[in-house]
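Here's a quick tour of a protein made of chains that meet. Have a look at the picture, then read on for what to look for.

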2 protein chains.
Amino acid sequence: MIRIVIIGSGNVAQHLISAFNKSKNIEVIQVFSRKNDLDPCLFPSKKVISDITLLKDADLYIISVTDGAIAEVSENICFNNRLVVHTSGTTSMEILNDKNRKGVFYPLQTFTKGKEVDFNEIPICLETQNDEDYILLEKVAQSISKKAIKISSEQRKAIHVSAVFVCNFVNHLYQIGNEICTENNIPFEILYPLIEETASKIKNLSPVEAQTGPAKRNDTITINSHLNFLSNETYKEIYKLLTKSIIDTHVKEL
Amino acid sequence: MIRIVIIGSGNVAQHLISAFNKSKNIEVIQVFSRKNDLDPCLFPSKKVISDITLLKDADLYIISVTDGAIAEVSENICFNNRLVVHTSGTTSMEILNDKNRKGVFYPLQTFTKGKEVDFNEIPICLETQNDEDYILLEKVAQSISKKAIKISSEQRKAIHVSAVFVCNFVNHLYQIGNEICTENNIPFEILYPLIEETASKIKNLSPVEAQTGPAKRNDTITINSHLNFLSNETYKEIYKLLTKSIIDTHVKEL
């Protein structure tokens, strides 16, 4: 049995606790939550601490707090030479305090409060300083997911930047679509099949091959008619810039 | 049996022919293809014409050609007072020639050559000049899809602009993510679960609620580190503009 302490109680921490609860080889023996606001159905209150000096000894400490707080929290761990990892996509492994062995345990997914996700399908990006720790961390990752992957800090940064494009920015484009529909009394649901197909077809075609639409065709009549239609200046700018970028890509191609 | 002539042999036309082939109430009696390049497995060659003066009489003519060619093609139909519709998202119904009754039959989906789609789930946006024609057009739409919807030309334009954001532009963001991964020796597949979850979670949460990431948190350290990481100037501009737009939205919210 691998004994884990989780430090943090945000979105990612809660989803991890929930996944570890279902695993046979892992026991979460303690959770540190500054605000002490964890749902007792998720984790027994008596094992939650809000004073970091009460940390128990464990095989692995998973720090899942905001990026800016990782360094300080890792400094406050009152043990030496333990394996301490963070769950951040952007933060280097090196930021962790030198008194302990360092690692990263980054689940590549967007977590939303109250929405269950299938952890089994989530890639978990792993990094450690030494091979022995990697074996342990891989065991932990494999106990909740089919997809444990060795990823360097530099690669992890590239993944995180990509993730901002394909998740955070994509979601914002959904929001713009939603606003335009609502303003014109169209149920946003009408776009669900299109959204799904767009997300699904890149599994069979590269995104360059999958590109369609007025920008791809350099159809200036439609592009201008859309720009006239848009009243929000920022959305107009987004339309122009993405159109230009698509045109550039497909001209390059020829 | 409703007898249809399809004018055009592009992506949308081919997917329509394939869907009508499976319908019991519809017979596609003829297809006009300028290049005469239709796959004979999709439609029998002897019923394909490349001379528009050979058009047969039918209950419905579906014009599925590029937007710029719709007006001219509709003028060349050698019949009067027939029901003639186009399949365009952006073009007004009025552009069709006055000698025939006008309508629109716009399937709201992204069609890719060689990739089958489930037509049953595709919303079909319908518009006609008179109620009688609407009944016929709705019957045709319902023979291939569960989702026939009455949509005015003005609403259709709004839908098409939204569709550009949630489909064409989203696909371009996938492409940027793909490029960043490839440059850093990361398999793009690692992002599939994230892409899927992002597309799926807006069915339970509004896109505003579903927003996550550094821009939403106004996390300037991460944002600047990502901007430093990006070498492509256009992608840097896209990152800045979308980040600004997300920050504006969520500041407005407070």
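Let's start with one spot where the chains meet: the side chain of Thr110(B) makes a polar contact with the side chain of Lys201(A), at 2.7 Å. Keep in mind that this is a predicted model. From that spot we'll go to two more residues, then the whole interface, and then the chains themselves.

**Zooming in on Thr110(B)**

- You'll find Thr110(B) in the loop between strand 6 and strand 7 (124-128) of chain B.
- Is Thr110(B) buried or exposed? Its relative accessible area is 5%, and buried means under 20%, so Thr110(B) is buried.
- The side chain of Thr110(B) also makes a polar contact with the side chain of Thr212(A), this one at 3.4 Å.
- If you skip the neighbours within four places in sequence, Thr110(B) is in contact with Leu194(A), Glu197(A), Thr198(A), Lys201(A) and Thr212(A) on chain A, and with Val117(B) and Cys167(B) on chain B.

**Two residues in helix 4 of chain B**

- Asn168(B) sits in helix 4 of chain B, and with a relative accessible area of 8% it counts as buried.
- What does Asn168(B) touch, not counting residues up to four places away in sequence? The list is Gln211(A), Thr212(A), Gly213(A), Pro214(A) and Ile246(A) from chain A, plus Ala163(B) from chain B.
- Thr212(A) turns up here as a contact of Asn168(B), and you met it above as a polar partner of Thr110(B).
- Ser162(B) is in helix 4 of chain B too, and its relative accessibility is 0%, so Ser162(B) is buried.
- Leaving aside neighbours within four places in sequence, Ser162(B) is in contact with Gly177(A), Ile180(A), Cys181(A) and Leu191(A).
- Within chain B, the side chain of Ser162(B) reaches the backbone oxygen of Ala158(B) at 2.9 Å.
- Here's a helix fact that's handy when you look at positions like these: an α-helix has 3.6 residues a turn, so residues three or four places apart point the same way.
- For a sense of distance, Ser162(B) and Val48(B) are 114 residues apart in sequence and 35 Å apart in space, going from C-alpha to C-alpha.

**The whole interface**

- How many residues of chain B are in contact with chain A? There are 86 of them, and they meet 86 residues of chain A.
- Putting the chains together buries about 8300 Å² between them, and carbon and sulfur atoms give 70% of that area.
- Chain B and chain A share two salt bridges.
- One salt bridge joins Lys203(B) to Glu196(A), with the closest N and O atoms 2.2 Å apart.
- Between the chains there are also 30 residue pairs in polar contact, counting pairs with both residues at pLDDT 80 or more.
- Which helices of chain B each supply at least two residues of the side that touches chain A? They are helix 4 (153-183), helix 5 (192-201), helix 6 (207-210), helix 7 (220-229) and helix 8 (233-253).
- Helix 4 of chain B gives the largest share of that side, with 26 residues.
- Sorted by class, the side of chain B that touches chain A has 45 nonpolar, 28 polar and 13 charged residues.

**How the copies are arranged**

- A turn of 180° and a shift of 0.0 Å along the axis lay chain B on chain A with an RMSD of 0.0 Å.
- The two copies are therefore related as by a two-fold rotation axis.
- Which residue of chain B comes closest to the rotation axis? That's Val170(B), whose C-alpha is 2.8 Å from the axis.
- The copies meet through the same surface, because 100% of the interface residues of chain B are also interface residues in chain A.

**Inside a chain**

- Chain A has eight helices and eight strands.
- The C-alpha atoms of chain A fill a box of roughly 65 × 40 × 30 Å, taken along the principal axes.
- Of the 254 residues in chain A, 58% are buried.
- Helix 1 (residues 11-21) of chain A has these buried residues: Ala13(A), His15(A), Leu16(A), Ile17(A), Ser18(A), Ala19(A) and Phe20(A).
- Those buried residues pack against strand 1 (2-7), strand 2 (26-32), strand 4 (60-63), strand 6 (101-107) and helix 3 (131-142) of chain A.

How values were computed. Residues numbered from 1 in each chain as written. Chains lettered and ligands numbered in written order. Heavy atoms only, no water. Contact = heavy atoms within 4.5 Å. Buried area = accessible area lost by both parts, 1.4 Å probe. Salt bridge = Lys/Arg side-chain N within 4 Å of Asp/Glu carboxyl O. Polar contact = N/O pair within 3.5 Å; in protein donor to acceptor, adjacent residues only side chain to side chain. Helix = DSSP H or I, 4+ residues; strand = E, 2+ residues; numbered from the N terminus. Nonpolar A, V, L, I, M, F, W, Y, C, P; charged D, E, K, R; others polar. Least-squares fit on C-alpha atoms with pLDDT ≥ 70 in both. Buried < 20%, exposed > 50% of the residue type's maximum accessible area, 1.4 Å probe, protein only.
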